[in-house]
Amino acid sequence: MTDATADTGRAASALQQALARPRILVPVLILVAATVLALLAPALIGNPSGINPMARLQAPSLANLFGTDQFGRSVAARTLHGTRISLLVGASVTVAALLIGVTLGLLSGFVARVDAVLMRIMDAIMSIPTILLAIALMALFGAGVFNAIIAIIIPEVPRMARVVRGVTLSIRERPYIEAAITNGARPLRLLFRHVMPMTAGPMLVQATYVFSAAVITEAILSFLGAGAPPDVPSWGNIISEGRTLFQIAPWVVIAPGVCLSILVLTVNSLGDAIRDQLDPKLRRETR
Amino acid sequence: MRLTRRNFMLSAASAAVASPFVIRPGFAQSSPNVIRSKVIASLSSLDPIWTTAYITRNHGYMIFDTLFSVDEGLNVKPQMVDSFDISADQLTYTFALRDGLRFHDGAPVTSADVIASIQRWSKKDNLGLRIGKLIGSLTAVDARTVRLELTSPFSLLLQSLGKASSNCCFIMPERLAQTDVATQVTEMIGSGPFTFSAGDYVPGSKAVYVRNADYKPRQEPPSGTSGGKVVKVDRVEWLFMDDVTATNAMQSGELDYFEEPSPELLPVLGALPGVTLDVTNKSGVEMVVRPNHTAKPFDNPDFRAAFMRMLNPVEHLTSYLGDPKYFTVDGSVYPVGTPYHTDAGVITFNPDEAKELLAKSGYNNEPIVVLQATDIATNRIFSTVTADQLRRAGLNVQVQASDFSTMFARALKNDPIESGNGWHMIHFANIATDMADPITSRSLSGAGDYLGWAKDEKVEQLRTAFLAEGDIEKRKPIAADIQVEALQQGFIFPGGTFYQPHAYTAAIKNVVSAPVPIYWGMEKTA
Amino acid sequence: MIGYLVRRIFAVIPVLLLVAVAVFSLLQLTPGDPAQLIAGDTATPEQIQAIREKLHLDQPPLVQAMAWGSALAHGDLGTSLLSGVPVTTLIAQRIEPTLMLALLTIILAVCVGVPLGTFAATRVGSLIDRLVMLLSVMAFSVPVFILAYGLVYFISLKLHWLPAQGYKPLSAGLGATLNSLMLPAVALCGVYMAQIARVTRAAVIEVLTEDFIRTARAKGLSRLYVLIVHALPNAAIPIVTIIGFGVGGLLGGVVVTETVFNIPGLGQLAASAILQRDYPIIQALTLLFAVVYVLVNLLVDLSYGLFDPRVRVWKAVNR
Amino acid sequence: MNMLPANPKLPLLAVENLSVEFRSGRQWVPAVCNVNFSVEPGETLCIVGESGSGKSVSTLSVMGLLPERTARRSSGRIQFDGRALETLSDAEMTAIRGRDIGMIFQEPMTSLNPAMRIGTQLAEVVRRHAGASPRTARRQALEMLERVRIPDAASRLDAYPHELSGGMRQRVMIAMALMSRPKLLIADEPTTALDVTIQAQVLALIAELKREFGTSVILITHNLGVVAEMADRVAVFRAGEKVEEAPVVELFDRPQHPYTRALLAATPRLGGGSWREGRVLQTIDGAPSPSVMPAPADAGTALRASGLGKRFGQTTGWLGRLAKPIRAVDGVSLELPRGQTLAIVGESGCGKSTLARMLMLTIAPSEGDIEIDGQATASLRGEARRLVRRRIQMVFQDPFASLHPQMTAKQIVAEPLVNLGGDDSRTIDAKVARLFDLVGLSPAMLGRHPFEFSGGQRQRIAIARAIVLNPAVVVADEPVSALDVSVQAQILNLMASIQRELGLSYIFISHDLSVVEYIADTVAVMYLGRIVERAPRAALYRSPLHPYTTMLFQSVPSLDPNARRFGHRIAANELPSPSNIPTGCRFRTRCPFATELCAASDPALAAQDNGHEVACHYPGIATQDGQARMSELA
């Protein structure tokens with residue numbers, strides 16, 4: 001058995017073990033279902049942007065499962081397409097925050113010279129309220145899903161970087177890292193082979209929180225009129241536009257509102273479950 | 001003509017959110033003689049010459065007075081002016097002020113104040129600027145009489161001085177009117193029916209106006225912005241809040257008056273006991289789509305002609321207003337109810353013709369950039385519908401959304417379309433009086449000096465002729481010719497007129513109909 | 001002590017400087033021009049340019065930055081472009097509601113979050129623990145505006161317990177203020193409280209496994225006494241840390257909450273200033289929020305010494 | 001107030017058929033099975049056993065302090081002072097804890113509340129149990145602190161635990177356990193975390209207080225020396241069962257159970273000699289000891305260090321505070337002949353680990369140079385410096401912590417080859433497999449991860465990793481101190497046979513003189529960053545010349561219950577802080593022979609006979625002066 005297969009084997013069995021736990025399995029299934037629905041949305045359901053003002057604000061019916069909005073667009077179609085946006089935003093922000101945050105965090109935790117400077121910058125970003133920073137960035141970039149993603153990434157990076165830095169600092173002091181140094185590991189190997197794998201767990205947990213924070217922030221930005229362009233059917237946009245309609249057409253906001261809350265709840269629960277799974281102390285206690 | 005800014009301050013932050021629910025009445029008791037009104041936007045600038053913001057204009061009407069004003073039928077009437085005289089050659093105007101006009105600091109209104117105010121206004125307002133170029137002399141005949149001599153006739157002079165919308169020629173004390181036009185006047189001393197309570201002012205949130213006991217109103221009944229400005233309450237409090245929040249406040253008795261509620265809320269407000277929905281701006285607001293003539297393919301007249309037939313404004317206005325009783329669709333560049341309104345040359349929705357013209361224009365699926373301001377409801381909704389309709393008509397549409405400020409800067413900058421930062425189409429909601437004639441309506445400028453940069457010699461010649469013509473009946477055919485040419489050339493797509501009612505409680509009586517919200521004449525019963 | 005404090009405060013300066021530079025550059029790069037907004041679409045380029053000159057917007061960014069910086073050094077936050085009112089006045093007018101809202105939210109979040117988390121920690125794995133965790137993850141997952149709507153619907157609309165909007169200043173009496181802020185504070189504190197409860201739970205669980213807890217129990221001290229006197233103070237550092245960190249999110253949440261509940265505070269001011277490109281207000285408010293955040297976290301850092309005497313090493317060294 | 005038990009015939013504590021189970025997933029697995037033991041009034045019962053033998057769990061269940069939800073008592077009766085503890089309610093049990101039974105735990109560092117003043121923690125006991133007023137409680141706390149001989153007790157009342165040394169903290173723990181004069185004191189490994197000189201002091205204190213208060217004591221330990229010093233009766237635990245119980249002399253003289261015998265045989269004892277001389281350290285699994293082999297003569301120098309020094313803490317960043325520099329190592333010179341073992345002995349804080357890290361080039365010396373296998377390293381940078389590691393490798397104290405948890409044993413052992421060897425993967429595989437065989441691990445274990453191995457196996461992996469490059473020098477930092485006695489013997493034997501086969505040189509760092517005697521050829525004693533004595537093993541163990549070395553020897557518990565050493569009172573006297581090194585001779589503050597000369601002048605390491613070197617103005621004074629002065633010295 002080569003090293004690679006051993007590793008894969010171990011990872012696979014860890015995955016199997018994790019999936020055997022309902023606390024992890026259920027959120028993963030929900031996420032998979034949401035992803036499949038999102039991917040199939042164009043095939044499953046009509047155009048989310050096609051307007052028909054003459055059929056506006058119709059109550060839910062068989063033809064329009066969740067009714068129509070003020071443009072006569074299908075709320076069901078918009079909500080389903082909104083899943084794409086929310087998942088896209090969540091996933092891209094998470095991946096980007098991971099890439100940047102992990103790089104900065106590792107660098108900061110490993111190279112004392114850049115640590116002070118990097119952390120001051122991270123402090124500065126964190127000291128500006130997320131929403132305010134994101135609104136300002138959206139004013140700078142203009143409305144757009146991609147721009148919203150960037151505007152959300154920037155405030156999320158320091159959080160990820162701080163977590164990774166903290167873990168790196170503590171891993172760096174572990175004897176097995178000293179052992180690796182005495183074994184002649186080059187700095188890059190030390191960083192990527194020895195330190196980084198140990199940050200994976202906390203990173204993963206933090207990633208789920210970044211994901212849910214991103215989805216919520218996107219919704220709030222849309223809600224404040226500073227998110228994706230209005231014609232993009234993001235949940236935040238649908239809720240934002242339907243807000244004034246609540247009393248005459250509550251269906252416009254209920255579907256996306258419920259979907260949003262479920263998605264975020266799912267991801268957060270997944271994060272909690274992974275964290276408990278990784279923390280032997282908690283695992284022992286809660287098993 | 002200017003963008004309707006009514007929704008501007010109702011913007012992202014403030015407008016975005018509020019409870020969509022209604023709470024039971026009884027949280028706050030209505031005080032007699034105080035009107036609490038939810039206004040169209042947050043007031044943060046006070047100088048109505050310095051800025052064109054509609055909310056600042058409305059504020060100007062509270063504390064300043066004008067020489068002339070317009071009645072409900074948009075006819076010019078003297079306001080501060082007692083009597084006036086126009087020379088036969090239409091070059092010399094003499095205005096005599098009414099008796100007893102005093103500023104809030106007690107000083108009488110003099111010719112010097114009027115002269116300084118006209119001068120400042122004429123450096124800012126678009127009609128004012130035209131007049132400014134024509135002024136030969138502006139002198140005081142005596143303390144209360146002013147003589148204005150023009151170098152050539154300007155048929156709209158009185159109308160300009162009495163125009164209902166920004167920038168109105170408000171009369172300020174000379175010392176304030178001498179302020180550079182680029183500098184904001186912040187000391188609020190006028191001679192209008194209300195005084196400004198500076199101590200209560202919270203920029204962006206609250207402004208308070210107190211009845212000016214020394215004001216001498218005209219004897220005529222109020223009509224439009226003209227007539228006697230008799231104030232029948234002690235205080236008017238302007239509050240700015242989100243529309244949904246305001247709806248709650250209406251029902252809980254915390255609010256007496258609600259300017260232009262979001263149309264979606266009208267069914268809710270209308271169902272509240274005692275609440276009246278009243279269209280006080282009878283001339284309404286015009287939806288306008290303006291293409292950029294300098295950007296390919298809109299430089300091609302065939303393409304513009306195709307475009308003029310692609311849009312069906314019924315969908316725009318239905319999406320925004322819902323109930324058809326709040327809008328009329330009509331293809332005139334002069335809104336329904338304005339003096340020059342005509343059917344001449346009107347183009348209507350015609351998808352088949354549009355297809356032919358589009359094919360003829362050689363359109364090659366170039367992306368068409370529609371600007372969208374996300375923080376302004378009308379703009380957001382109109383551009384959304386336009387984009388959909390243009391797509392249906394076979395155009396490759398890109399909606400480029402941003403906040404209003406960014407959109408506006410981008411529109412003015414007019415970068416080449418190839419740069420990726422240019423634009424093809426922008427939406428406006430202009431109040432109808434701003435489009436009432438071919439001069440006031442900047443949309444009809446063929447000089448290439450306004451957004452869209454339409455250039456048309458014929459239109460410019462017709463406008464010059466229009467200005468020189470003293471008789472309104474003779475001006476009408478000229479205006480009609482302008483309309484024909486402007487529509488043919490696709491200056492603008494006039495989408496129809498809509499009317500947004502104000503909502504007020506049963507305690508409010510005698511609301512004056514005018515193009516702008518008016519708080520004199522209004523009564524509040526206990 | 002003083003030396004340490006001075007050093008800590010000096011460490012804050014580069015952060016604030018960075019914030020100032022970042023905000024300033026951000027605004028310089030942002031499209032949109034306050035002069036255009038003021039002048040309107042009918043304005044001629046000359047008019048816009050004239051307004052720009054009056055507002056000193058025509059000067060090179062560096063000159064503007066220097067002017068802003070030197071004014072700032074004299075305690076002058078500048079003047080709002082749109083209203084011409086000094087920014088300090090605007091902030092003074094609006095600081096009370098925000099401050100009250102933030103305080104009430106923090107108090108609510110701490111008073112509910114800490115006991116809840118502690119309680120869950122003593123019953124790890126039990127139904128109650130799971131319930132607390134579920135509640136907290138739910139509070140974590142519902143965007144503040146949805147929570148706000150739900151509260152307004154049930155508390156104001158259905159039960160008529162509290163007003164749905166508006167703010168009553170302290171001058172109208174503390175009771176009126178609290179009455180008007182209770183719903184917004186509850187809506188705002190959801191996420192914050194959940195964070196505190198989770199961190200408290202984790203920290204207390206951690207501390208309860210410590211040897212000295214066993215020692216305390218071996219001394220014959222009761223569970224409750226050990227929990228409160230021995231465990232909580234030792235779990236305090238992560239708890240106060242999350243309280244401090246949460247202030248950042250709180251200030252952001254204020255923007256949304258003030259809008260939902262129509263509270264004329266700094267959040268509303270900030271959001272509208274961004275859309276109006278009223279640079280001095282944005283700069284001042286961002287800096288103010290950053291200062292608050294940094295100061296709160298400085299206080300949090302200093303409070304470590306209160307909970308863990310080991311942090312007071314510097315004192316021992318000087319002794 | 002010391003009341004005799006109601007019936008003097010009954011033991012104070014009688015534990016019968018005690019079984020405890022631990023939760024593992026959804027199952028409960030037995031941890032202690034049907035254990036019986038009892039303690040008579042005034043008696044000291046030592047429970048001895050290796051880790052996992054159930055000795056702590058048994059006493060915790062007596063206290064009712066088993067971790068909730070993860071452990072439970074499944075059967076057994078616990079009679080204490082006439083009451084059946086297993087039938088008591090939580091509240092009743094709470095009232096007994098701390099009042100009738102006091103407990104001392106292993107880790108003085110973590111067993112005191114770090115956020116609470118010492119005085120408060122002491123006072124709590126009497127406030128809880130006797131309802132004493134704060135003033136009375138504080139007075140009693142002060143008295144108790146004085147009883148456990150904490151210097152300057154009054155000011156210590158308001159100190160926090162971190163302001164005290166480990167030894168002082170353990171005294172505080174003892175004071176706390178005895179605050180309300182309990183009938184029974186349970187001390188769970190009370191000296192394991194302490195240095196040998198401090199251990200002697202603490203054990204003497206416990207013995208003394210026991211006599212004074214007439215308290216019964218249960219002392220849990222893994223250290224047979226401690227047992228021999230302290231016990232009246234001994235219970236030997238193994239894997240959750242009691243295998244033997246006997247009076248202490250009987251147990252040491254005539255151990256009955258094979259496990260007890262193996263345990264005794266595997267424990268190195270002082271004066272036993274070295275493996276090179278044919279000394280046998282038997283292992284529990286019966287693996288053979290290395291055969292006799294004299295130290296190779298004059299095979300050259302594997303490692304040479306000259307004038308090594310290390311200062312810490314001068315600055316800590318541009319905004320950090322300026323701390324007083326700590327001279328962790330000061331002017332140390334070493335020479336390690338090829339094929340030999342140099343042991344470095346000293347208490348914690350003496351700088352031996354810092355020295356090891358400098359030798360390993362993981363921290364840069366502030367001064368001095370290190371020559372590894374003939375190559376000077378001070379001027380080496382970057383790649384050249386990294387490549388020197390081919391010639392020097394390290395074995396760490398904690399085998400679990402020093403193995404990367406996510407790598408397989410094979411990857412771990414191959415790591416030096418991957419980094420520093422030029423081999424292809426096939427060669428690497430072959431080398432790793434050979435090494436596995438050499439250190440006695442089965443090839444089937446190659447793919448396992450560290451958590452799947454036992455402590456001894458982990459240390460074997462660590463050793464395999466250290467020697468896979470066939471280095472000239474292996475630095476072993478306390479390689480056996482984290483291991484159980486039986487495993488310790490295996491690892492020592494393994495190290496010896498590897499040396500024999502491969503001709504390696506070891507730097508062996510340890511605090512344990514008995515272990516050092518077995519493995520070392522030369523011994524250097526460090527004190528506060530300096531080498532104070534260095535000699536060939538035999539010479540040093542025959543006649544130590546430095547008073548500190550003598551003190552170390554005196555502090556080692558004997559393995560003979562008939563020759564106890566700590567019966568007398570021992571003054572509290574501890575290592576000064578390395579940031580505050582005394583002037584003149586560093587040891588003078590603890591040296592009973594110190595004179596004005598010692599305060600004025602710092603003695604250099606000077607050669608005596610037979611390669612014996614010592615840094616003392618009066619070499620050999622402690623041994624010359626005889627037993628009388630020696631006792632004062634300790």
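**Notebook: chains A to D of a predicted model**

I began with the chain contacts and noted that chain B and chain D do not touch, their nearest C-alpha atoms lying 41 Å apart. I keep in mind throughout that this is a predicted model. Which chains share the most contacts? Of the five pairs of chains in contact, I found that it is chains B and C.

**Entry on Lys54(C)**

I then looked up one residue of chain C, Lys54(C), which has its place in helix H3, a helix that covers residues 45–54 of chain C. Which residues does Lys54(C) touch, leaving out those up to four places away in sequence? I listed Asp180(B), Ala182(B) and Thr183(B), and these carry the letter of chain B. Is Lys54(C) buried, exposed or partly exposed? Its relative accessible area is 41%, and because buried means under 20% and exposed means over 50%, I entered Lys54(C) as partly exposed. I also checked Lys54(C) against Met133(C): the two are 79 residues apart in sequence, and from C-alpha to C-alpha they are 57 Å apart in space.

**Entry on chain B as a whole**

For chain B I counted 15 helices and 23 strands in the secondary structure. The radius of gyration of chain B is 23 Å, close to the 24 Å that the globule rule gives for 526 residues, so I wrote chain B down as being as compact as a globular protein of that length. The C-alpha trace of chain B spans about 70 × 65 × 40 Å along its principal axes. Of the 526 residues in chain B, 67% count as buried, and the accessible surface comes to about 16,100 Å², with 50% of it belonging to carbon and sulfur atoms. When I took the contacts in chain B with a separation of 6 or more, residues 24 or more positions apart accounted for 75% of them. On charge, I noted 48 positive and 57 negative side chains in chain B, with the centres of the two sets 2 Å apart.

**Entry on aromatic rings**

How many aromatic pairs does the structure hold over all chains? The number I recorded is 27. One that I looked up joins Phe68(B) and Phe95(B), edge-to-face, with 5.4 Å from centre to centre and 70° between the planes. This pair links distant parts of the chain, since Phe68(B) sits in strand E3 (residues 68–70) and Phe95(B) in strand E6 (residues 92–97) of chain B, 27 residues apart. Phe68(B) and Phe95(B) are both buried. I also looked up Phe298(B) and Phe307(B), an edge-to-face pair with 5.3 Å from centre to centre and 85° between the planes; both of these residues are buried as well. Finally, I noted one aromatic cluster formed by Phe196(B), Tyr201(B), Tyr209(B), Trp238(B), Tyr257(B), Tyr504(B) and Tyr519(B).

**Entry on chain A**

Turning to chain A, I found 11 helices and zero strands. Along its principal axes the C-alpha trace of chain A spans about 75 × 45 × 35 Å. Of the 287 residues of chain A, 60% count as buried, while the accessible surface of chain A comes to about 10,900 Å², of which carbon and sulfur atoms hold 71%. Among the contacts in chain A between residues at least 6 apart in sequence, 69% join residues at least 24 apart. I closed the entry with the charges of chain A, 23 positive and 15 negative, whose mean positions are 2 Å apart.

Conventions:
Residues are numbered from 1 along each chain as its sequence is written. Chains are lettered from A and ligands numbered from 1 in the order in which they are written. This is a predicted model: local features need pLDDT of at least 70, side-chain atom pairs count only at pLDDT 80 or more; totals for chains, interfaces and linings use all residues. Side-chain values use heavy atoms; hydrogens and water are left out. Helices (H or I, at least four residues) and strands (E, at least two) are DSSP runs, numbered from the N terminus. The radius of gyration is taken over C-alpha atoms; the globule rule is 2.2 Å times the number of residues to the power 0.38. Buried means under 20% relative accessible area, exposed over 50%, partly exposed in between (1.4 Å probe, protein chains only). Contact means heavy atoms within 4.5 Å. Accessible areas come from the Shrake-Rupley method with a 1.4 Å probe; for residues, only the protein chains shown count as cover. Lys and Arg count as positive and Asp and Glu as negative; His and the chain ends are not counted. The place of a charge is taken as NZ of Lys, CZ of Arg, CG of Asp or CD of Glu. Rings of Phe, Tyr and Trp (its six-membered ring) pair if their centres lie within 6.5 Å; planes under 30 degrees apart count as stacked, over 60 as edge-to-face and the rest as tilted.
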